[in-house]
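Here are my notes on this one, written for someone coming to it fresh. Have a look at the structure first, then read on.

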2 protein chains.
Amino acid sequence: MIVQLDLETDEPIYVQLKHQIIEGIAKKQLRPGDPLPSVRSMASDIGINLHTVNKAYQQLKQEGYILIHRQKGVVIQPDGVPEADEAYKDDLFKKLRPFIADAVCRQIDEDEFIKCCSNIFAEFNQEEGEL
Amino acid sequence: MIVQLDLETDEPIYVQLKHQIIEGIAKKQLRPGDPLPSVRSMASDIGINLHTVNKAYQQLKQEGYILIHRQKGVVIQPDGVPEADEAYKDDLFKKLRPFIADAVCRQIDEDEFIKCCSNIFAEFNQEEGEL
DNA sequence: TAACTGTTATATACTTAATATAACAGTTAG
DNA sequence: CTAACTGTTATATTAAGTATATAACAGTTA
């Protein structure tokens, strides 16, 4: 698990860490049951504070991505990430709207937007963990 | 221009205001050259501080959505919002990735995601300002 | 026993968000 | 001319979020 942080961006470190782990799961580089480094070793690996890692892990746990056993360590959710329910989809809908409104104003039509999304999907589906 | 704020969410007020104006432009309820309320009247209309409105306006100006004349007031960009360039598209790509990674993990396939996006596009294209 | 786990607590520094007043300079209407 | 309005700037305060630094606790595990 290679983590690459950008300290220049305004995106909080713990959010970047969450995203990279979620992307790792989406790309199947991280599979159900796979272990994650402890909060302390992850923190020292990427040069940040233990609590910043802990914050990311706690939220990932809350969202169903990982399990945290008190002494066994941290693992990717063995039963797989919970499927999207209606609440999740409503939330996704709400979050996507500003992006699409923005795109519409700037003359990006539906086809182009969809194409962009397809490219991202391809990124997650093509390489089945072979990277 | 009706503005509806949610003070419970963690989304900053000035961001919500920006989004609603951008959505208004996307829906063509706000057209090039249309006036926007002054920072003071907008602020008192929706019950927030003058500076919060000013922050939203300044960023909208910076992003090419509106023009601010020192004494003439605030208007939607008369020449239309600048079209998306490559930098904008790269940025959109980067921002969309976490959402799609998340969706992939939760078994939302490409078709379903695209359908969701299409629904949002429809929301902006159907009603050509007739609302 | 020593080294490791997640967890909790406290404290500090910095940044952002939002508010409150106040003032300035340039229109514009009465 | 005055009064009311414009955007803009300045200063200050409160609150919340981000990130860090130490320290300790309780339960494995080698």
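1. Let's start with the backbone-versus-base split on DNA strand C. Of its atoms within 4 Å of the protein, 60% are sugar or phosphate atoms and the rest belong to bases. Keep in mind that this is a predicted model, where local features need pLDDT of at least 70, side-chain atom pairs count only at pLDDT 80 or more, and totals for chains, interfaces and linings use all residues. For bookkeeping, residues are numbered from 1 along each chain as its sequence is written, chains are lettered from A and ligands numbered from 1 in the order in which they are written, and side-chain values use heavy atoms, with hydrogens and water left out.

2. Who sits around strand C? A residue is near a strand if one of its heavy atoms lies within 4 Å of it. DNA strand C has 22 residues around it, and the closest are His51(A), Arg70(A), Ile13(B), His51(B) and Lys55(B). Sorted by class, that surface has seven nonpolar, ten polar and five charged residues. The classes work like this: Ala, Val, Leu, Ile, Met, Phe, Trp, Tyr, Cys and Pro count as nonpolar, Asp, Glu, Lys and Arg as charged, and the others, Gly among them, as polar.

3. Now the phosphates of strand C. A polar contact is a pair of N or O atoms within 3.5 Å; within protein, one must be able to donate a hydrogen and the other to accept it, and residues adjacent in sequence count only if both atoms are side-chain atoms. Side-chain N or O atoms come to 2.5 Å from a phosphate oxygen of DNA strand C for Lys55(B), to 2.6 Å for Gln58(A) and to 3.0 Å for Ser38(A). The elements giving two or more residues to this surface are α2 (39–46), α3 (50–62) and β2 (66–69) of chain A, along with α1 (13–26) and α3 (50–62) of chain B. The largest share, four residues, comes from α3(A).

4. Lys55 has something else going on, in both chains. Lys55(A) lies over the face of Tyr14(A), at 4.5 Å from the ring centre, and Lys55(B) lies over the face of Tyr14(B), at 4.4 Å from the ring centre. A charge sits over a ring if NZ of Lys or CZ of Arg is within 6 Å of the ring centre and within 35 degrees of the ring normal.

5. On to the other strand: which residues come nearest to DNA strand D? Of the 22 around it, they are Ile13(A), His51(A), His51(B), Gln58(B) and Arg70(B). A phosphate oxygen of DNA strand D is 2.9 Å from a side-chain N or O atom of Tyr14(A), and another entry on the list is Ser38(B), with a polar side-chain atom 2.9 Å from a phosphate oxygen of the strand. Val39(B) uses a backbone N or O atom instead, at 3.4 Å from a phosphate oxygen. α3(B) gives the most to the surface near strand D, with four residues.

6. For the overall build, chain A has five helices and three strands, in the order α-β-α-α-β-β-α-α from the N terminus on. Helices (H or I, at least four residues) and strands (E, at least two) are DSSP runs, numbered from the N terminus. Of the 131 residues in chain A, 40% are buried. Buried means under 20% relative accessible area, exposed over 50%, and partly exposed in between (1.4 Å probe, protein chains only).

7. Take a look at the aromatic pairs: there are three over all chains. Phe99(A) and Phe99(B) have ring centres 5.6 Å apart and planes at 70 degrees, so that pair is edge-to-face. Each Phe99 lies in helix α4 (residues 86–105) of its own chain, A or B, so the pair joins two chains. Phe99(A) and Phe99(B) are both buried. Phe113(A) and Phe121(B) also form an edge-to-face pair, with 5.5 Å centre to centre and 65 degrees between the planes. Rings of Phe, Tyr and Trp (its six-membered ring) pair if their centres lie within 6.5 Å; planes under 30 degrees apart count as stacked, over 60 as edge-to-face and the rest as tilted.

8. Last, how many disulfides does the structure hold? Zero, over all chains, where a disulfide is a pair of cysteine sulfur atoms within 2.5 Å. The sulfur of Cys116(B) is 5.6 Å from the closest cysteine sulfur, in Cys117(B), which is too far for a bond.
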